[in-house]
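Subject: Structure handover and findings

Dear colleague,

I am handing over the structure we discussed, with the sequence alongside. Please have it open while you read the notes that follow.

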Amino acid sequence: MFQWKFYEKVLLLLILVFNIEKSFVNATSSLCDVNKLRNLEAELSFDSSDIQNYQYLIKTAVECSEQPANKKDKISFLQLRNQITYKLGLLQLSLNQNLKALELFESITIHDKNFKDSYTDLTNKRLDELYICLLYTSDAADEGLG
């Protein structure tokens with residue numbers, strides 16, 4: 001009798017764990033909907049209070065792009081990731097956090113070197129401007145002008 005109760009408890013525990021994992025997979029899968037992520041992105045404000053939300057959406061888009069249902073979904077998630085990352089970079093620039101913006105822009109260019117979209121082009125232009133600005137600022141500081 002004791003052994004049976006023990007096995008019943010183990011079986012119930014396994015069922016519980018399986019259901020929790022199944023719920024987690026379903027929750028993650030429901031997040032991997034490009035339209036839902038786009039809607040969440042559209043609700044973000046261009047304000048420092050939403051920085052963590054931008055970062056969360058970027059992370060989610062990256063995770064969803066790594067195991068897409070098909071190639072079209074992978075492209076959609078990569079485009080969305082670049083769009084959100086670019087917007088967050090602009091937000092960081094507006095807050096005078098140039099190095100954080102630089103890191104974000106560089107992440108777009110190195111994340112998937114085979115993938116390019118309009119945000120990749122915008123990012124490359126923004127990076128060129130930032131590099132020149134940082135070089136000029138560095139030169140001015142070296143000469144005692146900064």
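Read from one end of the sequence to the other, the protein chain follows the pattern α-α-α-α-α-α, and its secondary structure accordingly comes to 6 helices and 0 strands. Please keep in mind throughout that this is a predicted model.

For the chain as a whole, 29% of the 146 residues count as buried, and the protein chain exposes about 10,300 Å², of which carbon and sulfur atoms supply 57%. If one takes the contacts between residues at least 6 apart in sequence, 60% of them join residues at least 24 apart.

Two helix pairs are described here in some detail. In general, two packed helices are described by the angle between their axes and the distance between the axes.

The pair H2 and H3 comes earlier in the numbering, with helix H2 covering residues 34-42 and helix H3 covering residues 51-66. Their axes come within 11 Å and cross at roughly 165°, and because angles over 145 degrees count as roughly antiparallel, H2 and H3 are roughly antiparallel to each other. H2 passes H3 in a left-handed crossing, and the residues that meet are Leu37, Leu40 and Glu41 in H2 and Leu57, Thr60 and Ala61 in H3. Sorted by class, this contact of H2 with H3 has 4 nonpolar, 1 polar and 1 charged residues.

The other pair is made of helix H4 (residues 71-94) and helix H5 (residues 98-111), which pack at an angle of about 165° with their axes 7 Å apart. That angle makes H4 roughly antiparallel to H5, and H4 passes H5 in a left-handed crossing. On the side of H4, the contact is made by Leu78, Arg81, Asn82, Thr85, Tyr86, Leu88, Gly89, Leu90, Gln92 and Leu93, while H5 contributes Asn98, Lys100, Ala101, Leu104, Phe105, Ser107, Ile108 and His111. The residues of this contact of H4 with H5 divide into 9 nonpolar, 7 polar and 2 charged.

Finally, there is one residue that you may wish to look at individually, namely Gln79, which lies in helix H4. Is Gln79 buried or exposed? Its relative accessibility is 32%, so Gln79 counts as partly exposed, that class lying between the limits of 20% for buried and 50% for exposed. Leaving aside residues up to four places away in sequence, Gln79 touches Arg38, Phe115 and Asp117. The C-alpha atoms of Gln79 and Ser65, which are 14 residues apart along the chain, are separated by 9.7 Å.

With kind regards

Technical notes:
Residues numbered from 1 in each chain as written. Predicted model: local features only at pLDDT ≥ 70, side-chain atom pairs only at ≥ 80, totals over all residues. Heavy atoms only, no water. Axes fitted to C-alpha atoms, helices over the stretch in contact; angles between N-to-C directions. Helix = DSSP H or I, 4+ residues; strand = E, 2+ residues; numbered from the N terminus. Parallel < 35°, antiparallel > 145°, perpendicular 65-115°, else oblique. Left-handed = near helix turned anticlockwise from the far one by under 90°. Contact = heavy atoms within 4.5 Å. Nonpolar A, V, L, I, M, F, W, Y, C, P; charged D, E, K, R; others polar. Buried < 20%, exposed > 50% of the residue type's maximum accessible area, 1.4 Å probe, protein only. Areas by Shrake-Rupley, 256 points an atom, 1.4 Å probe, with all protein chains shown as cover.
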